[in-house]
Amino acid sequence: MKERLVLVGNGMAGVRTLEELLKVAPDKYDITVFGSEPYGNYNRIMLSPLLAGEKSIDDIMLNDADWYRDNQITLYKGLEVTEIDRANRRVVARDGTTAAYDRLLLATGSNPFMIPVPGRDKDGVIAFRDIHDVYSMLQAAEDYRKAVVIGGGLLGLEAANGLMKQGMDVTVVHLLDSLMERQLDKPASALLKASLEKRGLRFLMEAATEEIIGNGRARGVRFKDGSEIAADLVVMGVGIVPNTALARQAGLHCERGIVVNDVMQTFDPRIYAVGECAQHRGIAYGLVAPLFEQGKVAANQLAGLGYASYKGSVTSTKLKVTGIDLFSAGEFNEAEGDEVISLQDPAAGTYKKLVISNNRIKGAVLYGDTIDGSWYFQLMREGTRIADFRKTILFGQHDLGDAGHGDETRVMSLSDNAEICGCNGVCKGDIVNAIAKHGLFTLEDVRAHTKASSSCGSCTGLVEALLSSTVGEGYDASLNKKPLCKCTEYSHDELIAGIRKHALKSIPAVREFFEWKTPDGCAACRPALNYYLLAYWPGEYVDDAQSRFINERAHGNIQKDGTYSVIPRIFGGETSARQLMDLGRIAEKWDVPTVKFTGGQRIDMLGLEKDQLPGIWGDLTAAGFVSGHAYGKALRTVKTCVGSEWCRFGTQDSTRLGIELEQLTWGSWMPHKFKLAVSGCPRNCAEATIKDFGVVCVDSGYELHIGGNGGIKVRVTDLLTKVETEEQVMEYCGAFTQLYREEAHYLERTAPWVERVGLSYVKEKILHDAAGRKALYERFLYSQQFAQIDPWKARAEGSEAHEFTPLKIAG
Amino acid sequence: MILKQPVGALSPARLINYEAPTYRAGDGAPTTQMMKSDTMNNWTEIAKLEDIPRLGSRVLKTDTMNIALFRTSSDEVFAIRDECPHKKGPLSQGIVHGTSVTCPLHNWKIDLASGEALGPDEGCTNTFATRVENGRVFLALSRNEAAA
């Protein structure tokens, strides 16, 4: 028999927990849900747009009746649970309905805080908490004219804005002297106030409410100083208190909220609590983002998996008032000893401030231009050292080397048909609609439903910005704390460390040690693990062909029609008449449909059927060619200019140096593709400063540049150092390559890797630690022994034949 | 049995000409699916199980289409038309995990048993019944499907 799970509270936190639970243990429980509101589960954070008339009630529903039916969940709508009978393990509802449980999940949310002043129970005094409140406000907006909102925080301002949009004359009353003091510092608060005043809101600051006056219905508000203001509608928007009444009645330990431990369990081990009603490590969260993390943990525990735990959330805030961009996170008011970087342009309505301590972001306030909010938040959460880009940090992430998207990154000003994801042709409107229609909250959700940001990833920032502006504070970037894939909870770094520390030497061993959730892994984790194992255990780990993406398994680039391309290696891009004639002859023999030069100075033969590959490779091998690895996460090409041998400006023999570098590095597998170039003088004809490792020859030696790339997001290299001899070039190149191979995440190119770890870190490892550099170089040379075996020759001679041969009918 | 031998790697097997099923009653207790298949399909021996790499695939070229045969980690064999419902990518070239395959072109995930796209994507490709017996893989092709 199935166990019985009862959920009290049909809101976002509880239902999200059920969704997570159904994902991991769909058949474990018979589930019963009690909700006191007469609606299905709706998106509470969308109440502001609902009030403002920007959304309809259908837009904000998250789970309809079908969802409950499909998942065989019994739902009691509009039925309040009044008692938990812990001794008999059942709950009792107002009408006498009972439900027995083996596990009970409390997600009773919170109640609005009604300030205890006389008159607060009069007609026309309401809170801003649920759909019913929104309807009351909409009704009042039709019948009355004057509204007073008590509370100048997030909640109050959103209510005030909505009422104003509905045509009411609104005054916001705030006890303190600046708005949203828990989220904003004074300058940002002043900008916000000015902007809201321009829209027509009025403010009474430092006003303490004493009484709500009127006979039967509210007529006005009187303050402590004796002054009065007229009002037909009074909205209390001062805050919320966790709804613990039911839990207290049942004798569960409560403080401000229902106290839970790190697995969301209350003091009764059969009872869990999530969401705004729960208090974890002293904090009862009032924002929606942490609820999702809590839900995940509770679901994991309820499913009996028992490995997830909740460590608390770092939250950020956005105000959901259309046209006002505002972001805040962390400790935005500087303490003694903190540093502040700020930018103020009052005329343009922009204000940015970062509070820095020990070269790490402690807090951020952004007003007017919040596009980089999620980036700052990420830097803050991950404790990234910002020393390397401190000078330009306020100009935003795109200033770190984005090629010319510039102001286009201001997503909110874009029209609905503006293309966000160029790879998959997804427009802003598609994304916003999908977020609203399917109730999406995470980047992964948006990727799955729209394909936006799921290919090259260059629009990830834009999609995140759309998410955060569409769902407001419901979007929590920390949900993207990147586990490698859906098969595991662990991140790249955790896995890399584990593989080394515990000497895990096969994919099954890694999966077992880290308790993989799927038997075989998936198309994302298998190639990553295969790479990590290959990189750390050269000579020991046996490559798993079935964990390679097809290009690396078939040693050619798959094309849109299922044919392959073949690019032989031409070291340093220097060829000969003999080589060219050989290539011409071979291309003709195999009737190659298209022959062209690549961007990396190689020759590409396109349109070969898979079963032709071993044949053409045999001919190429016989002519002395090896694989160009143009298909792999591997060393691609070393591009060169002609250098001092011919060029009148050349300072060094760049072509020969390029050939030697390619001979050193070819065949090595990398986290991502890896390109080199050598230019013979600072005119830089080989474009060495947009390569992963670039050498620019100068009269006195060689400049070494790292972390550049063309492509999606052009990034110019950082200068690593200047060296004097070719031997040093080889050593530094090998050491840098090895550092990247050992430490970068799979599918992370050097450019984002250098940005993530910081140039100073790379310098520390390569420049300042001579012994470490030599050790890295040694390890690179060692691993090259096993890597520089031409895959084409082996396959031309018959290895892996099954890969290239179609089946025949047996017997 | 009128089996015509294919003459080389590149020659398509002429499956539509096959008349008699290779499945015989003595081959083992037929499952419901096999019974159903038998009434309209030809069971054709395609390969030895060991010919298909675990978590890998092989392609069978027929007159009308390519059919991809997949072997899972638990040695189940599935056969589906080698065409992703999205942009006709060759599914046989994808990475196999569980009972699904990820298309190499744009990462659609296709369920091997039903041929349907998984997750939010929508689309479906043809499937063919298979059975494995004593390390031999048999494929059921209806003449209609093979000729379609």
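This passage looks at chain B, at its contacts with chain A, and at one leucine of chain A, A:Leu155, in a predicted model.

A good place to begin is the make-up of chain B. Its secondary structure consists of two helices and ten strands. Followed along the sequence, these elements of chain B appear in the order α-β-β-β-β-β-β-β-β-β-β-α, with a helix at either end of the pattern and the strands in between. Chain B has 148 residues, of which 44% count as buried. Among contacts in chain B that link residues at least 6 apart in sequence, 44% bring together residues at least 24 apart.

Next comes the meeting of the two chains. Here, 33 residues of chain B are in contact with 24 residues of chain A. On the chain B side, strand 1 (41–48), strand 2 (56–61) and strand 5 (95–97) each provide at least two of the touching residues. Strand 2 of chain B contributes the most, with five residues. Sorted by class, the side of chain B that touches chain A holds 18 nonpolar, eleven polar and four charged residues.

Within chain A, A:Leu155 offers a close-up of a single residue. A:Leu155 sits in helix 6 of chain A, which covers residues 154–165. Is A:Leu155 buried or exposed? A:Leu155 counts as buried because 24 C-beta neighbours lie inside 10 Å, and the cut-off for a buried residue is 20 or more. Leaving aside residues up to four places away in sequence, A:Leu155 touches A:Phe128, A:Gly237 and A:Gly239. As for A:Thr750, 595 residues separate it from A:Leu155 in sequence, and the C-alpha to C-alpha distance between the two is 44 Å.

Key. Residues numbered from 1 in each chain as written. Chains lettered and ligands numbered in written order. Predicted model: local features only at pLDDT ≥ 70, side-chain atom pairs only at ≥ 80, totals over all residues. Contact = placed C-beta atoms within 7 Å. Helix = DSSP H or I, 4+ residues; strand = E, 2+ residues; numbered from the N terminus. Nonpolar A, V, L, I, M, F, W, Y, C, P; charged D, E, K, R; others polar. Buried ≥ 20, exposed ≤ 12 C-beta atoms within 10 Å, placed from the backbone.
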